[in-house]
Amino acid sequence: MEKYADLREKKGFICDMDGVIYHGNKIIPHVKEFVEWLENNGKQYLFLTNGSGRSPKELAQKLGRMGLHVGEEHFYTSAQATAAFLAGQCPGGSAYVIGEPGLTYALYEAGFSMNDINPDYVVFGATKFLNYEQIEKASRLVMNGAKLIGTNSDLTDPSEEGIVPACRALISPIEMTTGRKAYFVGKPNPLMMRHGLKKLGCHRVEAALIGDRMDTDIIAGIETEIDTILVLSGVTTMADIDRFPYRPKYILKDVGEIVGIHD
């Protein structure tokens, strides 16, 4: 148990979800024990996801169906981070939204209204229901002065059928048509990490970030100066790590190592 004693002293933990907490609709081994340890030791924790489609309540219900019961206050999405960023930039503004209901809900909660005539922003989140009319309308609105915002810069996402296009890939027709580059709020943008720390109520030196991706989770933690934990329960293998010019502070099999399950 002494091996990661410094980690166990942290006051707060920011955890990625897919690849750290679950795969598809299955909880990863030792996650329940880790969450129990967080609760029993009075730790602050936040499940942070680049997904924008589901609200915190829906994410809590998803974990509940897998047998892991966590309150919705422990979730923070790229939709919420995007809404918080825009509310700071343009309080009471308006947006034309392409995305799932979780994104629209987060913007409403932040005081934004929906507008497909002359919005302040075009806000884009990954959706399986993207169509040509939406791309055409969004492109026209951006060319007329709306600012283009993406919830995250992921090019691809894993799915049960394999790799699928994600936000950055899907928004690219609008960027190419208008000649305008989107601003992406989610990981690896440190802005989302700072929002997460604020919600967590922890200083960066008191917190640790747990993720399974070098190109989003780990680099976001490094740029925010938070101690980083790469778990090998997701998409990254030991062989992948050397392809990157930076390293996580810790490399663990899964979150169970933090609480001594593999000691």
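User: Is Thr-224 buried or exposed, and how would I read that from a relative accessible area?

Analyst: A residue counts as buried when its relative accessible area is under 20%. In this predicted model, Thr-224 has a relative accessible area of 5%, so Thr-224 is buried.

User: Where in the chain is Thr-224 found, and what does its side chain reach?

Analyst: It helps to place a residue in its element before looking at its partners. Thr-224 belongs to helix α9, which covers residues 214-224, and its side chain reaches the backbone oxygen of Ala-220 at 2.6 Å.

User: Which residues does Thr-224 touch, if I do not count those up to four places away in sequence?

Analyst: Contact here requires heavy atoms within 4.5 Å. With those sequence neighbours left out, Thr-224 touches Pro-190, Met-193, Arg-194, Leu-197 and Arg-204. One of these, Pro-190, is found in helix α8, residues 190-200.

User: Why does Pro-190 count as buried, and which residues is it in contact with beyond its neighbours within four places in sequence?

Analyst: The same reading applies to this residue: Pro-190 counts as buried because its relative accessibility is 17%, where the cut-off is under 20%. Beyond the neighbours within four places in sequence, Pro-190 is in contact with Glu-223 and Thr-224.

User: How many residues separate Pro-190 and Arg-243 in sequence, and how far apart are they in space?

Analyst: Separation along the chain and distance in space are read as two values. Pro-190 and Arg-243 are 53 residues apart in sequence, and their C-alpha atoms are 22 Å apart in space.

User: What can I read about Ser-94, starting with the strand that holds its place?

Analyst: Ser-94 lies in strand β6, which spans residues 94-98, and because its relative accessible area is 8%, Ser-94 is buried. Its side chain makes a polar contact with the side chain of Asn-115 at 3.2 Å. Asn-115 also appears among the residues in contact with Ser-94 once neighbours within four places in sequence are set aside, and that list includes Phe-112, Pro-119 and Tyr-121.

User: What does the radius of gyration say about the whole chain?

Analyst: The idea is to compare the chain with what a compact globule would give. For 263 residues such a globule would have a radius of gyration near 18 Å, and the chain has 19 Å, which agrees. Buried residues make up 53% of the chain, which has 10 helices and 15 strands. Among contacts between residues at least 6 apart in sequence, 65% join residues at least 24 apart.

Definitions and conventions. Residues numbered from 1 in each chain as written. Predicted model: local features only at pLDDT ≥ 70, side-chain atom pairs only at ≥ 80, totals over all residues. Heavy atoms only, no water. Helix = DSSP H or I, 4+ residues; strand = E, 2+ residues; numbered from the N terminus. Rg over C-alpha atoms; globule rule 2.2 N^0.38 Å. Buried < 20%, exposed > 50% of the residue type's maximum accessible area, 1.4 Å probe, protein only. Polar contact = N/O pair within 3.5 Å; in protein donor to acceptor, adjacent residues only side chain to side chain.
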